[in-house]
Structures are given as structure tokens and as C-alpha cells.
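This report describes the interior spaces, the charged pairs and the backbone of one protein chain. Please keep the sequence and the structure in view while reading.

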Amino acid sequence: MKHVVLSVVAAIGLSCGTAGAAEFTLGVGAVEYRDDIGDIQISIEARSEPVAFVLGSDIAPQVGLTVDTAGAAYVGVGAAATNWLSTFWFIEGSLMAGYYSANGDRTDLGSDVEFRSLLGIGREFGQFGRVSLAVSHISHAGIEENNPGANMLSLRLTRGF
């Protein structure tokens with residue numbers, strides 16, 4: 001676990017230094033393993049300035065770390081998209097590939113290499129930042145035979161700097 005945290009801190013530092021990080025997101029929510037809901041997950045993400053505009057969405061590189069009360073952790077890198085529906089409302093999505101550390105059979109997702117997808121909707125509150133509600137899923141997309149995946153529902157706060 002210590003190595004996972006150090007890896008994400010290094011990845012965030014590298015992405016901030018090379019891509020000019022623009023915002024951080026803190027998420028808190030519930031995680032489901034094998035139809036068992038009850039564990040709490042906390043995530044932190046760093047996202048750079050957008051590098052592209054595709055199909056009405058700003059696309060930006062990001063890194064992230066998720067840990068939960070079941071003792072599992074995920075660190076990944078990928079891309080995030082934000083599409084503004086109006087002046088204040090937006091939808092967000094992201095895809096990340098990364099390393100997953102299970103804590104026993106209950107949180108074993110079948111592989112150390114996992115992918116996280118996320119879809120959320122939110123609202124901007126001026127200088128306060130943005131608040132969103134998101135669903136996300138972690139799985140290895142069939143790399144190994146055992147692929148139970150994990151599902152999360154989280155409330156997220158994003159602040160630019």
C-alpha cells in the first residue's frame with residue numbers, strides 16, 4: 001500500500017510539472033464488491049489543462065488514486081473529458097489504466113492491471129468549484145478469467161488552481 005501511495009504522488013508530481021496541472025478532484029462514496037455494498041472509497045485525481053477538444057468535450061490527461069475501507073487501492077493514468085451542457089451544468093467521463101492492489105479474496109478483481117471508467121453529472125459553483133455525482137467501474141476487461149469488477153458511486157468536488 002505504501003508503494004501505491006508513493007507511486008501516485010510521484011505520478012501527480014510528474015504530470016503537474018510537465019503538463020501544468022489545472023485542477024484536483026476529491027471524491028467520497030460507496031464501493032460494491034461482489035454484490036456487497038458497504039465499504040467507503042476515497043479518491044483523488046489531478047488533471048492538467050485540456051490538450052484537445054473532441055465532440056464538444058475538453059480532453060485532459062489525468063492521474064488518480066482510489067483507496068477504500070476494504071483495504072484495496074488503485075492508481076491509474078488516463079484521459080478525462082468534460083462536456084458543458086449549459087453555463088453551469090456539465091457531464092464528465094474518464095478512462096484510466098493502472099495498478100490495482102487487492103486486500104484478500106473479497107476485493108480480488110482477478111488482475112493487478114485494471115481499467116477504470118467513470119461517468120458523472122455535475123454543476124459548477126463559481127469560485128467554490130464543481131460538484132458532481134459519478135458512477136465508476138474497475139475491471140480488467142477480460143485479461144484474466146476471473147473478472148468480477150467493482151462498482152462505485154461517489155460525490156466529487158473539483159477545484160481549479
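How many cavities of 30 Å³ or more does the structure hold? The structure, which is a predicted model, holds two such cavities.

## Confidence of the model

The chain has a mean pLDDT of 89, and 87% of its residues reach a value of 70 or more. Residues 8-19 fall in another range, with pLDDT staying under 50. For this stretch the model has 14 contacts beyond four places in sequence.

## The two cavities

The largest cavity has a volume of about 60 Å³. It is lined by 13 residues, and the closest to its centre are Tyr33, Thr66, Asp68, Tyr100 and Ile138. Strand 1, strand 4, strand 5 and strand 9 (150-160) each give at least two residues to this lining, and strand 4 provides the largest share with three. By class, the lining of the largest cavity comprises 10 nonpolar, two polar and one charged residues.

The second largest cavity has a volume of about 50 Å³. Its lining consists of Gln41, Ser43, Thr66, Arg116, Leu118, Ser136, Met152, Ser154 and Arg156. Two or more of these residues come from each of strand 2, strand 7 (113-124) and strand 9. Strand 9 contributes the largest share, three residues. The lining of the second largest cavity has two nonpolar, five polar and two charged residues. Thr66 appears in the lining of the second largest cavity and also among the residues closest to the centre of the largest cavity.

## The largest pocket

The largest pocket has a volume of about 200 Å³. Of the 14 residues that line the largest pocket, Ala22, Glu23, Ser48, Pro50 and Arg130 lie nearest its centre. The elements that supply two or more residues to this lining are strand 1 (21-33), strand 2 (36-48), strand 4 (57-68) and strand 5 (73-84).

Which strand gives the largest share of the lining of the largest pocket? The largest share, three residues, comes from strand 5. In terms of class, the lining of the largest pocket divides into six nonpolar, three polar and five charged residues.

## Salt bridges

Side chains of opposite charge can pair when their charged atoms come close. A search of the whole structure finds eight salt bridges. In one of them, aspartate 36 pairs with arginine 106, with the closest N and O atoms 2.9 Å apart. Aspartate 36 belongs to strand 2 and arginine 106 to the loop between strand 6 (89-101) and strand 7, so this salt bridge ties together parts that are 70 residues apart in sequence. Aspartate 36 counts as partly exposed because its relative accessibility is 33%. Arginine 106 is also partly exposed, with a relative accessible area of 33%.

Arginine 106 forms a salt bridge with aspartate 39 as well, where the closest N and O atoms are 2.2 Å apart. This pair joins distant parts of the chain, since aspartate 39 is in strand 2 and arginine 106 in the loop between strand 6 and strand 7, 67 residues apart. Is aspartate 39 buried or exposed? Aspartate 39 has a relative accessible area of 11% and is therefore buried.

A further salt bridge is formed by the side chains of arginine 156 and glutamate 45, at 3.1 Å from N to O. Arginine 156 lies in strand 9 and glutamate 45 in strand 2, 111 residues apart. Arginine 156 and glutamate 45 are both buried. These two residues belong to a network of salt bridges that links Glu23, Glu45, Arg47, Glu92, Arg116, Arg130 and Arg156. Members of this network also take part in the linings described above: Arg116 and Arg156 line the second largest cavity, while Glu23 and Arg130 are among the residues nearest the centre of the largest pocket.

## Positive phi angles

Most residues other than glycine have a negative phi, and most peptide bonds are trans. Arginine 34 has a positive phi, near 50 degrees. This residue lies in the loop between strand 1 and strand 2. Arginine 34 counts as partly exposed because its relative accessibility is 39%.

Leucine 55 likewise has a positive phi, of about 50 degrees, although it is not a glycine. The position of leucine 55 is in the loop between strand 3 (52-54) and strand 4. With a relative accessible area of 80%, leucine 55 is exposed.

Note on methods
Residues numbered from 1 in each chain as written. Heavy atoms only, no water. pLDDT = per-residue confidence, 0-100. Contact = heavy atoms within 4.5 Å. 1 Å grid on protein atoms, 1.4 Å probe; cavity = no way out; pocket = protein on both sides within 12 Å on 5 of 7 lines; lining within 4 Å. Points joined across faces, edges and corners; volume = space filled by probe spheres on them. Helix = DSSP H or I, 4+ residues; strand = E, 2+ residues; numbered from the N terminus. Nonpolar A, V, L, I, M, F, W, Y, C, P; charged D, E, K, R; others polar. Buried < 20%, exposed > 50% of the residue type's maximum accessible area, 1.4 Å probe, protein only. Salt bridge = Lys/Arg side-chain N within 4 Å of Asp/Glu carboxyl O.
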